[in-house]
Amino acid sequence: MMLLRLISWPYARKHLLRWLLTLTGIVLGVGVFVGMHTANQSVLAAFHETIDRIAGTTQLQVTAGEPGFDEVVLEKVQALAEVRAAAPVIEATVGTDTGNVLILGVDMLGDRSLRTYDFEGTDAAIDDPLVFLAQADSLIVTRTFADKNGLKLNSRVPMKTMQGDLVFTVRGIMKPGGLASAFGGDLAVMDIYAAQKFFGRGRKFDRVDLALADGVTLEQGAAKLRTALGPGFEVEPPSSRGDQFEQTSRAYTLGSNITSVFALFIGMFIIYNTFAIAVTQRRAEIGILRALGATRAQIRTLFLAESAVAGIAGSSLGVLFGIALARGMSGYIGGMLSEVYGVAQHSGELELDPWLLGGALAMGVVTSLFAAVIPARAAASVDPVKALQKGRNQALTERENRVRRWWALVCATAAGVALLLSNNSVMFYAGFVLSVIASVLLAPTLTLWLSHALRPVLSALRPVEGTLAADSLIQGPRRTSGTVAALMLSLALVVSLGGLSRSSFASLSEWMTTALNPDLFVTTGETLTSRTFVFPALLGEGLRKIPGVAELQMVRSVRVTVRNAPVMILAIDVESLEKRTGMRPLEGDVRTMYKQVARGEGVLISENFAHLRGAKLGEVLEIPAPTGMLRLPVAGIVRDYSDQQGSVLMSRERFIQAWNDDSVNIFRIYLQPGADEAAVRQRILDAYGKTQRLFVLTNSEVRQYVTRLTDQWFGLTYIQIAVAVLVAMLGIVNALTVSITDRRRELGVLQAVGGLRQQIRHTVWMEAVAIGFIGIVLGLALGAVELYYALGIARRDMIGIDIGYSYPVGVAAALAPVILIAAFLAAIGPAESAVRGSLVEALEYE
Amino acid sequence: MSRKLIPWLLLAAPLVAQDARQIIEEVQRRQRSESQHYEGTLEVTGGGNRIATKRWTFDRIGSFGSSKSILRFTVPAEVKGVGLLIVNHPERASDQWMWRPAIGREQRIALQDRSTRFFGTDFSFEDLEERDVAQFDFKLLGDEGGVWKVESTPRKSSQYTRSFLWVKKENYTIVKVESYNKKGLLRAIDYRDFEQVKGIWTARTTEIQDVPRNSRTTLKYDKLEYNIPLKDADFTLDALRRGT
């Protein structure tokens, strides 16, 4: 403690900026990791909480994918002796004037045996149960929702329904807590039969919630139900719904995990680098302490204690920063997941996982300690006289370089071998990690080589300043290489994600041109992914008669569990699809496959379904439907981006037969030649817009929507990239600050012999820009490798689509000036510090 | 309420009843009619002594375990047209469907929901069933000054574990019922204002109390008639939908 107070504290005060930079590195490294994970966890936790609160005492739920099932299933469930109570449910997320509200359609007669409705009022019941059931516009709202919207009993609530905008009446208000807290309190309860009518569900239920009779175990009950209902039904505890959503959104979770771990890795690197520099830089001080009698153990303890203090302070602040970051991001993530997956999300309170926070804190502290251990041990063991010699430790010995190069070669070779065996996922990821390690190990050598290469260029630009700047880089590779490595990793991340984004956009654009080629799309919502409402098939007949309409395709899209994953079933008029889009298969005979599917004797599967689920051409696919298990061979594999988990395309007739559901999600309309798009759109709206919830989107609007969604998808990635670059910039500032401190005497001498302040500035600026340049060269090169792996990860574990490799030249070109300018800006402060210091002090230094 | 609303109590028996089953069978015999019609006024007194008033019309064809009934709300306007069709079966629980004109469809009342309160009254859907005498076990508990006290225990699924019935010796009318579940007394029913209609002793007022909720419902009968001409076709799902 005494050493900390007498040695470390004065040093920290004197070099406050450097300590702040170190702390900032830790804060950012820990903060981004905590922020990303906490925001993700909070959104998923809110989803789970909504499920739990809605479930009440429900033990099992019967579902049959998104299409739901006929009412008769309820009677089958209720007839079983193992079932004590069973109640049907419909869920729909509906827009109101103040945002979305989750509508829970229930049978108020039987639902109370599963859910507790705690109503306000002396009657402790809805205002009048008979009126509630007799009037289809009846609504029970939560106190939270009522307060938010200024509602009381008999207030009117406008809502968007399948029959257009309708006004509902509040006939009950639930007290906060329990069910009323689901979906953040934005919940309303409606009679299920009214909900069927208003949300176009026909005579179907989304699911049946049930409680088992006394003495019946979950396993017994589930087995009995499965036997009674057949293979088209899933019988699971309520919690499995949350698991299913997690499975649906696993591509997002995996992607965000990879990038946040990468950001953390960069953060750790910066932490390590700043500590290593700080410790190394104080070797002279260590020498003095050793000369004064301090033991090696004391020196080691001192530096470890310092790093622990910095680690604790920085990590604590990092955790707080991460929480603040999560607060800002959770709403965005919730909205994005709702749009991408068509499952309403509500970002509730932040879900702070003590394990995650503790882990992040520990990670920050351990990294700081680890960063200090090796330099501190080296410093403590060095001869005091040598320790007092300036600059010796900034240079890397040839032996050190050789060892690193050998290790880099070993890692690179191992990465190459892993690449050859990359059919195995473990080998593939091992190859990725090894290639990154190899590049980090090579960074000092490459930095040195590039510094040598840059020397003549810099000298040509500014003979004195350029030479000094290049020499500084050459003499202090330990100081520079860490920063360059961090910059390299950041830029490689930017390049790989930018490349992934660019390649995805290119593939998506190609698919949109081929598959999304109708002139108009008639949908039930502004978003194409929302499947809350459906159209009756009859509407299609009316739309066909609209003047200007040449052809119409009815599309039903539902998520169904196939091969243990929730995939999208697309039911469409296949012959029309073939005629209009002529999508070429990746596998399969284009002459026969459409006809086979049209006859209901096969399905087309998307490329990503084939990759992610291991499905092959000709293989028989088992698809559970309420009427029984469908067994259809794979007639062809096509590129389709409809769903991240993959899609299965089948004939509409086959779907109707199997699901007893002829409703429609989207009408795809092709216009007659010469027909005016705007005029036809208006005719549709005039004919049906007032009686039906209906949106008519043009082809360009749909393309814009898909592009916006993709932008949103990559939006968070861009935030992470920005933070990673910021962390790297901090590294440059730190490296330059150390560089200037290191060279104070040198710079002082330069001034004493007539060097101008401007020359000093130029030297520092050039050194910074040179670091930036080297970082760019290495970063863009490593980015090329990482992009290869990013595309591989996307294909293997995220979206299952083979996206072509396309190096983001534009991104790289944009990055270069940004980094060079940022490096220059980072140098301004240190340069000013170099020229404004006292010349006498500078000459006295050391 | 007509005793058709507590019909499992209305069971026929030989003339001179000495044991419990005979007593109940005699009650049923004296209550037997081919059809029935009345207009009922319901007053539900809930928490804070708030009173809600509703009216319905009630028609029944057949009697006891094989009868069919249709009940339609007429007042207030918000609930007008809501109907309930009950088809009783001698060997099992009844089938019940509710008609809701606002959404234009009927809804089957599941067996598991029969213990639910009937539209906010203190009756449950089960209380509207007619059950055959064979679906209960009876035990004569005593003779309380002109009134028999009989215990009935359902043989099949019911929300009640047992009930106590008080039968007036003079005219074999049930004057009081107490029904219990596992937790204790659930409902208490008093029959009042008896008068003879076409030779059948009939209560003109029924008061039912939901003991745990501490609320009560009073039903008064107007325009009560027995053995009027009604058709089977008026007691079907189509008829329920038609609202005739």
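How many residues of chain B are in contact with chain A? In this predicted model, 22 residues of chain B are in contact with 20 residues of chain A. On the side of chain B that touches chain A, the elements giving two or more residues are β2 (51-61) and β6 (105-108) of chain B. Sorted by class, this side of chain B comprises nine nonpolar, seven polar and six charged residues.

Within chain A, an open sheet of nine strands follows the order β16-β17-β15-β18-β14-β13-β19-β12-β20, and its pairing is mixed. In general, the strands of a sheet are paired through hydrogen bonds of the backbone, in either a parallel or an antiparallel manner. The edges of the sheet in chain A are formed by β16 (620-625) and β20, each of which pairs on one side only. Between neighbouring strands of this sheet there is an average turn of 30°, when direction is ignored. Helix α22 (residues 652-659) of chain A packs on the sheet, where it touches β13 (549-562), β14 (565-572), β16, β17 (628-638) and β18 of chain A, and the direction of the helix makes about 95° with that of β18(A).

Strand β12 (residues 520-523) of chain A illustrates how one strand of this sheet is held between two partners, since β12(A) is joined by four bridges to the antiparallel strand β19 (residues 666-671) of chain A, and is also paired in the antiparallel sense, over four bridges, with strand β20 (residues 695-698) of chain A. On the β19(A) side, A:Leu520 stands opposite A:Ile669, while on the β20(A) side the bridge partner of A:Thr523 is A:Phe695. The side chains of β12(A) are divided between two directions, with A:Leu520 and A:Val522 pointing one way and A:Phe521 and A:Thr523 the other way, and all of these residues are buried. Elsewhere in the sheet, strand β15 (residues 603-606) of chain A and strand β18 (residues 647-651) of chain A run antiparallel and are joined by two bridges, with A:Leu604 standing opposite A:Leu649 of β18(A).

Two helix pairs of chain A were also examined. The axes of helix α15 (residues 425-461) of chain A and helix α16 (residues 463-475) of chain A come within 7 Å and cross at roughly 170°; because angles over 145 degrees count as roughly antiparallel, α15(A) and α16(A) are roughly antiparallel to each other. Among the residues that meet in this contact are A:Leu448, A:Leu454 and A:Leu458 in α15(A), together with A:Ala469, A:Ala470 and A:Leu473 in α16(A). The contact of α15(A) with α16(A) has, by class, nine nonpolar, five polar and one charged residues.

In the second pair, helix α19 (residues 574-581) of chain A packs with helix α20 (residues 590-598) of chain A at an angle of about 150°, their axes being 8 Å apart, and α19(A) and α20(A) are therefore roughly antiparallel to each other as well. Here A:Val574, A:Glu575 and A:Glu578 in α19(A) meet A:Tyr594, A:Val597 and A:Ala598 in α20(A), so that, by class, the contact has four nonpolar, no polar and two charged residues. A:Lys579, which also has its place in α19(A), is 15 residues from A:Tyr594 in sequence and 9.7 Å from A:Tyr594 in space, C-alpha to C-alpha. Because 13 other C-beta atoms lie within 10 Å, A:Lys579 is partly exposed.

Some loop residues show particular backbone geometry. A:Asn564, found in the loop between β13 and β14 of chain A, has a phi near 65°, which is a positive value in a residue other than glycine. In chain B, a positive phi, near 55°, is found for B:Tyr172, likewise a residue other than glycine, and B:Tyr172 lies in the loop between β9 (162-168) and β10 (173-181) of chain B. Which of these residues is buried and which exposed? A:Asn564 counts as exposed because 8 C-beta neighbours lie inside 10 Å, whereas B:Tyr172 is buried because 21 other C-beta atoms lie within 10 Å. Finally, the peptide bond from B:Val75 to B:Pro76 is cis, with omega near 0°, and B:Pro76 lies in the loop between β3 (68-75) and β4 (83-87) of chain B.

Notes
Residues numbered from 1 in each chain as written. Chains lettered and ligands numbered in written order. Predicted model: local features only at pLDDT ≥ 70, side-chain atom pairs only at ≥ 80, totals over all residues. Buried ≥ 20, exposed ≤ 12 C-beta atoms within 10 Å, placed from the backbone. Pairing = 2+ DSSP bridges. Contact = placed C-beta atoms within 7 Å. Nonpolar A, V, L, I, M, F, W, Y, C, P; charged D, E, K, R; others polar. Axes fitted to C-alpha atoms, helices over the stretch in contact; angles between N-to-C directions. Parallel < 35°, antiparallel > 145°, perpendicular 65-115°, else oblique.
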